[in-house]
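Visitor: I am new to this structure. Could you walk me through how to read it?

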Amino acid sequence: MELGESNYSLISSPYDSFMRKHLQHYGYFTGRSEIVKKYGFVPSKSQLISSSSDSDSSYGDDEPTKYKGKPFVPDRRLPIRQNRVSYNLRGQNDDNSFEPRWPIEIEVLTESRIKHINAPPKCPELFYKPTPSHTPFVRSFDENNGRVVFNYSPETCGYFMRSRIGGNRDGCRQAGVIIRNSEDTTVLFESRFESGNLMKAVQVGEYEYELYLRYDLYTKRNTQWFYFRLQNIRANKRYRFTIVNFFKPTSLYNNGMKPLMYSVSDADDKGIGWRRWGEEIVYYKNNLTAPDNPSSNMYSLTWTCKFPNDNDTYYFAHCYPYTYSDLQDYLNEIQNDRVKSEYCKQKVLCRTLAGNFVYMLTITSPTSNPLNMCTSPEQQVKKGVVVTARVHPGETNASWMMKGLLDFLLNDSEDAKLLRDNFIFKIVPMLNPDGVIVGNYRCSLSGRDLNRNYKTILKDAYPSIWHTREMIKRFMSETELILYCDFHGHSRKQNVFVYGCENKHLPNERLKERIFPAMLSKNDPAKFAYYSCKFKVQKNKEGTGRIVMWAMGILNSYTLEATFCGSTQRDRAGHQFNTRDLESIGYHFLDSLLDYCDPDHTKRDRLLNELEDNLRRSIQMKLLSRGINATSVDDIDIDQWSSDDDSSDDGGSDSSIDDGLPKHLEIIAAAKVRLKKTRKKRSNTKASKDSKRKEEIDKDNAEKNKPVGLPLSKSRNIRFPTIDIYMLGSFPFFFKDLLETNILTTDNNDSTDQIMLEKSQQRPRQRKRCRSETYFVSPCFACLSAQIPRMEEIASVDDTAKTAATTLVNRGTDTNDSSRHDVSSETTARSSRWPALAKTNNSINRLTPTDEKAQRSQYTFTTIYGRGGLDII
């Protein structure tokens, strides 16, 4: 099977496929394509336009292909950032070459990278007990009510275009106020560092501030994660901070959760890291409207606190920060360890939209004869396990769980060796590094939720997701994949739990997907809550990793959710999680994997029986609540039951809103629609004007051609003698006009208006005259106005008229006749009444001569030319 082929259905439309191939021709996300120029999607800011031409910030789809799938060959004298991939971004091999890459419109501080110590508190941190309802009024910002002390909102063109190390080439402008003197108590805010996302701070009191978080880049939603810095703080003064633009209607802050605070001085002097901080914590609905939905309101989080030190630097965060640079440092330590690097091989799975590396670790024992737990010869092959994390960048607790898993898997304990000897682990520790770097909560730089696009065919829009899926497909073709798990964080539920996929259509696999979560709850009862687990496959979650992998054939496919707050289980009830608690979840995850794959199936069989009994009792309780009596628990058929009433709620995350085309394709599609509508409107307007103009012309022609006298009552088909075009120069100019007229033929029912309309339609089709053609002469407007004589008058026409007509023709063909140049004064007045000459085929309009028509033709000719033409001649 070739890379990119799928053995399962893809959710894709013909438009997706077309746009993918169409934009692939011009190059994705380079900012230099003709599409950007054509539709005008370039930043209005001059520095963005100038930065977009940087040669060191463009990334095509084919650039990283030569690095994909190649293991690292480390130089142990250099740190991992320099030897992981020998790709020179700036043309020089410096330390900055492997720093995070930012979108070109983002401002980044040039100061040294922020590093926080990982020192969990010595004493457990208890839930905050909410005080009586306190909902301060959210003030509408105006000049008389507040002062903006920090304002940073990056100007974008609507979607991601290019990236570079350090972001905006022009550096950072002054986004905050300047302290006037030592007595100035204004707090200095900043967030232009990795994973920071404060957008605006408004001072509404001496020690009171309203804060606005930056929305996920290229969106107008998804505010939950926050991370910012404070300076110029006064000790023992009570401050109030209110974040005013949250979207979720409920939060764990009303259930005992506290924000996290970090003191640089305390970390340096006392070894104190992040700690829970704040009082009077309330999460409530405010009076501000959502930017994308004026009919709905946003929500506020407010808290008060006192700080321990003067002139200290403080940080506030939603959860323990774990940045992309922290991951690189951690991988650097593993790679520089001679022992760990033997069984942990690092590769670059792909590059993100901004060009950052998505790392993949392959962990297994290099020994050729592993000590397998399995005894049968057909089971002497290592089984596969895939674990991923940080598809949602604001869920930093997922990275701490991943760190705990890697720490345990790479140590020298007997259990770790057993795992490496019997399993091949494919681990992607950070699926969305771009979102982590810029401080997003949920989306990537495509402006979409990656965890809703695992079935995408848009490789260049969702590179980490596409490559992860294809890597798993290849891995499944090589070995048996027994478990897939994606680590997440949850903002509404306490404890740790999983979302799985129910195998209700496979009787032999019934309830077996619940065995591993049940083992995890047995191994970590203080934090893991099995009753919070859900196993329903919902239609609106079909693009998530767990459902796509389950559809590919991985029966044990899970999303592991860890709360942002803490536990309600056993002796840890009421305790908030710290980094050590989160890391321990990774250890218990691997411990449960050993139990699940134990050759002795006693534990598994016992747990399966327990699950069936619990399920029957649950069904019995539901039947009793509906007034149905069940004779006994053993009589209940669990095969007739499914978890349709369950839902894998991931916290009301706005994820369904983010599903769809990536932002750049959505904008281009909208532009195409607008362009099409504009062209159609112009076409309709032009057609309407042309139609109106034609009606006016037809009306004017009808007025000009209005007949004078009686209309013809009978058909006329008059044939006149042929005139050689050679003689045209010897005729008077009024006769030239006469020779330019077509033969006029009318039916019995034709009116004069119809005749004139036919003449006007025939004139534009005239061809250039040539000497070899002959023409017929048709009557003028005057002959149409003449009264038609009765038949008896026509019969009395004498031979003189015939002779005059013959003479006229003969003289017209005689080039030596001097009288052909005589033109009287009547000629000018009469010539305007004569029609023009038109080319006519001699074979057309030849009729069988009858006596009546011959007489009528002869009389008409005599009448016209005998009175006017013959006199002149």
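**Reading the model**

Guide: Start with burial. Of the 873 residues of the protein, 54% count as buried. Keep in mind that this is a predicted model.

Visitor: How many helices and strands are there in the protein?

Guide: The protein has 24 helices and 24 strands.

Visitor: What do carbon and sulfur atoms supply of the area that the protein exposes?

Guide: About 41,000 Å² is exposed, and carbon and sulfur atoms supply 48% of it.

Visitor: And contacts along the chain?

Guide: Take the contacts with a separation of 6 or more. Residues 24 or more positions apart account for 80% of them.

Visitor: Let us turn to a sheet. In what order do the seven strands of the open sheet come?

Guide: Read across it: β14-β15-β17-β16-β18-β20-β19, with mixed pairing. An edge strand pairs on one side only, and here the edge strands are β14 (344-351) and β19. From one strand to the next, the twist averages 20°.

Visitor: Which helix packs on the sheet and touches β18?

Guide: That is α8, which also touches β15 (357-363), β16, β17 (423-428) and β20. The direction of α8 makes about 140° with that of β18. Look at α9 (residues 414-422) as well. Helix α9 lies across β15, β16 and β17, running at about 95° to β17.

Visitor: In which sense do β18 and β20 pair?

Guide: Strand β18 (residues 481-490) pairs with β20 in the parallel sense, over seven bridges. One position to find there is His488, which stands opposite Glu561 in β20.

Visitor: What does the UniProt annotation say of Glu561?

Guide: The UniProt record, an unreviewed entry, covers Glu561 with the annotation "active site". This residue lies in strand β20 (residues 557-563).

Visitor: Is Glu561 buried or exposed?

Guide: Apply the cut-off: buried means under 20% relative accessible area. Glu561 has 3%, so it is buried.

Visitor: Now backbone angles. What should I look for in phi?

Guide: Most residues other than glycine have a negative phi, so a positive value deserves a look. Arg390 is one case: not a glycine, yet its phi is positive, about 55°. Find Arg390 in the loop between β16 (383-389) and α8 (397-409). Its relative accessible area is 1%, so Arg390 is buried.

Visitor: Where is Leu511 found?

Guide: Leu511 sits in the loop between β19 (496-499) and α12. Its phi is also positive, near 70°, and it is a residue other than glycine. Leu511 has a relative accessible area of 2%, so it too is buried.

Visitor: Next, a helix. How can I check the length of α15?

Guide: Compare the expected span with the distance between the ends. Helix α15 (residues 602-625) has 24 residues, so at 1.5 Å a residue it should span 34 Å. The end C-alpha atoms of α15 are 35 Å apart, which agrees.

Visitor: Which residues of α15 are buried?

Guide: The buried residues of α15 include Arg604, Leu607, Leu608, Leu611 and Leu615. Arg616, Ile619 and Gln620 are buried in α15 too.

Visitor: What do the buried residues of α15 pack against?

Guide: They pack against two helices, α12 (515-523) and α14 (579-596).

Visitor: Which residue with a positive phi follows α15?

Guide: Gly627 follows α15, and its phi is near 85°. This one is a glycine, unlike Arg390, which is not a glycine.

Methods
Residues numbered from 1 in each chain as written. Predicted model: local features only at pLDDT ≥ 70, side-chain atom pairs only at ≥ 80, totals over all residues. Heavy atoms only, no water. Helix = DSSP H or I, 4+ residues; strand = E, 2+ residues; numbered from the N terminus. Expected span 1.5 Å × (residues − 1). Buried < 20%, exposed > 50% of the residue type's maximum accessible area, 1.4 Å probe, protein only. Contact = heavy atoms within 4.5 Å. Areas by Shrake-Rupley, 256 points an atom, 1.4 Å probe, with all protein chains shown as cover. UniProt positions renumbered as here; feature names shortened; annotations may be inferred. Pairing = 2+ DSSP bridges. Axes fitted to C-alpha atoms, helices over the stretch in contact; angles between N-to-C directions.
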